[in-house]
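Please look through the sequence and the structure shown here before reading on. The paragraphs that follow lead from strand pairing to the core, and from there to the contact between the chains.

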Amino acid sequence: MREAQAVSTADGAPNTGDAIGVVEYGPFSTAALARYALVSGDDNPLHLDLAVAQAAGFAANPVQGMLMLACFEPYLMNWRKDLFIARLSAKFLRPVFSGESIRLSGRVLRVRQAELTLRLTARNGRDEMVILAEAAALIPSQRSD
Amino acid sequence: MSGAAPELRDQAVSSSNPGSRSGTTLLQLPPIRVRTDRAEAAAFALETGSLGGQDFMPLTYPIRWLTLPDVRRAVSQALGAGFLPVHEGQRFAQVKNLEIDHDYELAFELELSEKPSRLTVRLRVSDSEGLSCALETVLRIVPAETDQSP
């Protein structure tokens, strides 16, 4: 997996509204989809066999949703290395196809003591939102109790 | 881990069961014991761009366990022949990071809803000290072949 742009790291106390930055992941080649299928066990032919994808109405093989969602962990850890991600939830809004990249971005929605609520998105090359996600993350070093 | 996956479609949940609703079928699989493997974790971390370094278990690593034979069999049975799963939503929660070379017990629950046609797979991962993490995967069930006639 290749990152096109490094996110600026933060180490002070985060504030509501802080932007996390934008990082591009991909492009997700057919080889990358096959490798992810191997390590994850997700061998759904929709991701690996063009004929199956086309029969299901897709123009190309859709990238595994979990491969894209997995990108949010290094994205957040690149922003703050002291994060513990307690929860991550996501909705896959539209497919991303082999050969395409995604751009992750995020913002601090809420800060409550050492817990951050983060709004996260992934967008494709046409700037369409493909994943809408939210994370709850703990910063042990900011804990006051 | 052995034995055939129990029938899913035949185990309709009573509407008096808390959390159930008409047209919903629930199935709990027998507990499955697994042990995390250093090489498998490293391979998974490499492909998902993990920054955690050696011995780091990525947050999304438990998704691998959805493809264990008994789980795969139950999911395939729930989907039905001629249908494919399309990943629609995903949730992870963790109390603590998974550890390398560590034993865990997996508790799976599958919920099949008819309208809309969805399969939700829930997994709770525990060790001898209690819950480590949990996940929920929501799959939309689509026909393997669409009618593309004009």
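**A walk through the two chains**

In chain A, Gly21(A) stands opposite Gly106(A), a residue of strand S3(A). This pair belongs to a model that is predicted, and every statement below should be read with that in mind. The strands concerned are S1 of chain A, residues 19–25, and S3 of chain A, residues 102–112, which pair in the antiparallel sense over 6 bridges. S3(A) is also joined by 9 bridges to strand S4 of chain A, residues 115–123, and these two strands likewise run antiparallel. Within that second pairing Val111(A) is found opposite Leu116(A) of S4(A). S3(A) and S4(A) form a hairpin, with 2 residues between the strands, and in the turn Gln113(A) has a positive phi of about 50 degrees.

With these strands in view, chain A can be taken as a whole. Its secondary structure comes to 5 helices and 5 strands, and from the N terminus on the order of the elements is β-α-α-α-α-α-β-β-β-β. Of the 145 residues in chain A, 34% are buried. When contacts in chain A with a separation of 6 or more are considered, 62% of them are accounted for by residues 24 or more positions apart.

The next subject is the nonpolar core. The largest one has 62 residues, and those with the most contacts inside it are Met68(A), Phe72(A) and Leu104(A). Which residues does Met68(A) touch, not counting residues up to four places away in sequence? They are Val63(A), Val96(A), Ile102(A), Ala122(A) and Ile131(A).

Chain B has 2 helices and 6 strands, and from the N terminus on its elements follow the order β-β-α-α-β-β-β-β. Among the 150 residues of chain B, 29% count as buried, while residues 24 or more positions apart account for 65% of the contacts in chain B with a separation of 6 or more.

Helix H2 of chain B, residues 69–79, has as its buried residues Val71(B), Ala74(B), Val75(B) and Ala78(B). Why do they lie on the same side of H2(B)? They cover an arc of only 100 degrees around the axis, and this puts them on the same side of the helix. In general, an α-helix has 3.6 residues a turn, so residues three or four places apart point the same way. The buried residues of H2(B) pack against three strands of chain B, namely S1 (24–28), S4 (103–113) and S5 (118–127). After H2(B) comes Gly80(B), whose phi is positive, near 90 degrees.

Helix H1 of chain B can be read in a similar manner. The buried residues of H1(B) are Ala41(B), Phe44(B) and Ala45(B), and because they cover an arc of only 100 degrees around the axis, they are on the same side of H1(B). What they pack against belongs to the other chain, for the partner of these buried residues is helix H1 (30–40) of chain A. H1(B) is followed by Gly49(B), whose phi is positive, near 70 degrees.

This leads to the contact between the chains, which takes 27 residues from chain B and 31 residues from chain A. On the side of chain B that touches chain A, helix H1 (38–47) and strand S3 (83–94) of chain B each supply at least two residues, and the largest share of that side, 10 residues, comes from S3(B). The residues of this side of chain B divide into 12 nonpolar, 10 polar and 5 charged. Strand pairing also crosses from one chain to the other, since 5 bridges join strand S2 of chain A, residues 84–92, to S3(B), and the two strands run antiparallel. Here Arg87(A) stands opposite Ala93(B) in S3(B).

One loop of chain B completes the tour. Ser128(B) lies in the loop between S5 and strand S6 (130–143) of chain B. Is Ser128(B) buried or exposed? Ser128(B) counts as exposed, because it has 8 C-beta neighbours inside 10 Å, and a residue is classed as exposed if 12 or fewer other C-beta atoms lie within 10 Å of its own. The C-alpha atoms of Ser128(B) and Asp103(B) are separated by 8.4 Å, although these residues are 25 residues apart along the chain.

Definitions and conventions:
Residues are numbered from 1 along each chain as its sequence is written. Chains are lettered from A and ligands numbered from 1 in the order in which they are written. This is a predicted model: local features need pLDDT of at least 70, side-chain atom pairs count only at pLDDT 80 or more; totals for chains, interfaces and linings use all residues. A nonpolar core is a set of buried Ala, Val, Leu, Ile, Met, Phe, Trp, Tyr and Cys residues joined through C-beta atoms within 7 Å. A residue is buried if 20 or more other C-beta atoms lie within 10 Å of its own, exposed if 12 or fewer, and partly exposed in between; C-beta atoms are placed from the backbone. Two residues are in contact if their C-beta atoms, placed from the backbone, lie within 7 Å. Helices (H or I, at least four residues) and strands (E, at least two) are DSSP runs, numbered from the N terminus. Ala, Val, Leu, Ile, Met, Phe, Trp, Tyr, Cys and Pro count as nonpolar, Asp, Glu, Lys and Arg as charged, and the others, Gly among them, as polar. Two strands pair if DSSP finds at least two bridges between them. The arc is that of the directions from the helix axis to the C-beta atoms.
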